[in-house]
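Biologist: Please show me the model. I should then like to ask why each term is applied as it is.

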Amino acid sequence: MFDTLADDGLIDVISSSQRAEAQAAARRLSAIGVLVDRHADPEQQDPRDRFAVDRWDEVAAQVAAAQGITHALASHQMRHAYVLRHRLRAVAQRFAAGDIDFRTVALIIGRTELLEDDALVAAVDAAICEALPRWERWSIKRITGALDALIYRHDRDAVRRTKTATDDRHLEIRPLDTGDPLAEIWGVLQTPHAVALDKRLEQLVATVC
């Protein structure tokens, strides 16, 4: 397809394709975000949330089927879409323009999820967008450090809690000492992993006779 292009033409294709890939990912998440708002807004209570298959699961099933992906990955995309739609609107705009890739967006979402005050979220959102040009060609490790430093300037506790939660991740399963064929499970996981595990365990329990 590109064998006849000169080197500079190939570089242009690479560059434009990278931007188009980011724009396509942003477009997909934007559509998912609208679907979540319409049918599974976590801020709005609904009697169906007490069903074995709640509103979130219903939408996740549709998203998963549309893309041929797992239910857990669809749920993960829904969470990202919701954050971009309601919390990190400035980052979402840059993402839609193709200025940042999905990997960086996912990192930003993960590092800012413990910010609770709306005004702080908006301030950090704007500060991130202002810093993005400087982060070009940076490694994930370096961007993570810059993100933590930026968040620290706005909310010291958010960075401390993020690092503690990440460092203390674990999952343990131990038989109960009651003599019954039962075991207990406890641990600390990142939020998207915990949500996916919880939903998967619920599905597994429902299959047990």
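**Terms and values**

Biologist: Why is D99 called partly exposed?

Modeller: D99 has a relative accessibility of 35%. Buried means under 20% relative accessible area, exposed means over 50%, and partly exposed covers the range in between (1.4 Å probe, protein chains only). D99 is therefore partly exposed. As to conventions, this is a predicted model in which local features need pLDDT of at least 70 and side-chain atom pairs pLDDT 80 or more, whereas totals for chains, interfaces and linings use all residues. Residues are numbered from 1 along each chain as its sequence is written, and side-chain values use heavy atoms, without hydrogens and water.

Biologist: What makes the pair of D99 and R94 a salt bridge?

Modeller: The closest N and O atoms of D99 and R94 are 3.0 Å apart. A salt bridge requires a side-chain nitrogen of Lys or Arg within 4 Å of a carboxyl oxygen of Asp or Glu, so the pair qualifies. R94 is partly exposed because its relative accessibility is 24%. R19, R94 and D99 are linked in a network of salt bridges, and the structure holds six salt bridges.

Biologist: How do you know that the salt bridge between R79 and E113 links distant parts of the chain?

Modeller: R79 lies in helix α3 and E113 in the loop between α5 and α6, 34 residues apart. Their closest N and O atoms are 3.4 Å apart. R79 is classed as buried because its relative accessible area is 17%, while E113, at 31%, is partly exposed.

Biologist: What makes R137 a residue to note for its phi?

Modeller: The phi of R137 is positive, about 70°, although R137 is not a glycine. Most residues other than glycine have a negative phi. R137 is found in the loop between α6 and α7 and counts as exposed because its relative accessibility is 81%. R137 also forms a salt bridge with E136, with closest N and O atoms 3.9 Å apart; E136 is exposed as well. A positive phi, near 70°, also occurs at G68, which follows α2.

Biologist: How do you know that the span of helix α1 is close to the expected one?

Modeller: The expected span is 1.5 Å times one less than the number of residues. Helix α1 (residues 7–39) has 33 residues and reaches 48 Å from its first C-alpha to its last, against an expected 48 Å. For α2, with 13 residues, the span is 19 Å and the expected value 18 Å. Helices here are DSSP runs of H or I of at least four residues and strands are E runs of at least two, numbered from the N terminus. The chain has nine helices and two strands.

Biologist: Against which elements do the buried residues of α1 pack?

Modeller: They pack against α2 (55–67), α3 (71–86), α4 (89–96) and α5 (102–112). The buried residues of α1 include A22, L29, I32 and V36. Those of α2, among them W56, V59, A60 and V63, pack against α1, α3 and α9.

Biologist: Which residues touch the most other members of the largest nonpolar core?

Modeller: They are M78, L84, L88, V91, F95, I128 and W135, out of 43 residues. Such a core is a set of buried Ala, Val, Leu, Ile, Met, Phe, Trp, Tyr and Cys residues joined through side-chain atoms within 4.5 Å. Leaving aside neighbours within four places in sequence, M78 is in contact (heavy atoms within 4.5 Å) with I32, V36, W56, V59, A60 and V63.

Biologist: Why is L197 called partly exposed?

Modeller: L197 has 31% relative accessibility, so it counts as partly exposed. Patches take residues with over 30% relative accessible area and no salt bridge, joining like charges within 9 Å and nonpolar side chains (Val, Leu, Ile, Met, Phe, Trp, Tyr) within 5 Å. L197 belongs to a nonpolar surface patch with L171, I173, I185, L189, L201 and L204, of about 590 Å² accessible area together (Shrake-Rupley method, 1.4 Å probe, only the protein chains shown counting as cover for residues). The elements giving two or more residues to the patch are β1 (170–175) and α9 (191–207). The largest share, three residues, comes from α9, the helix in which L197 lies.
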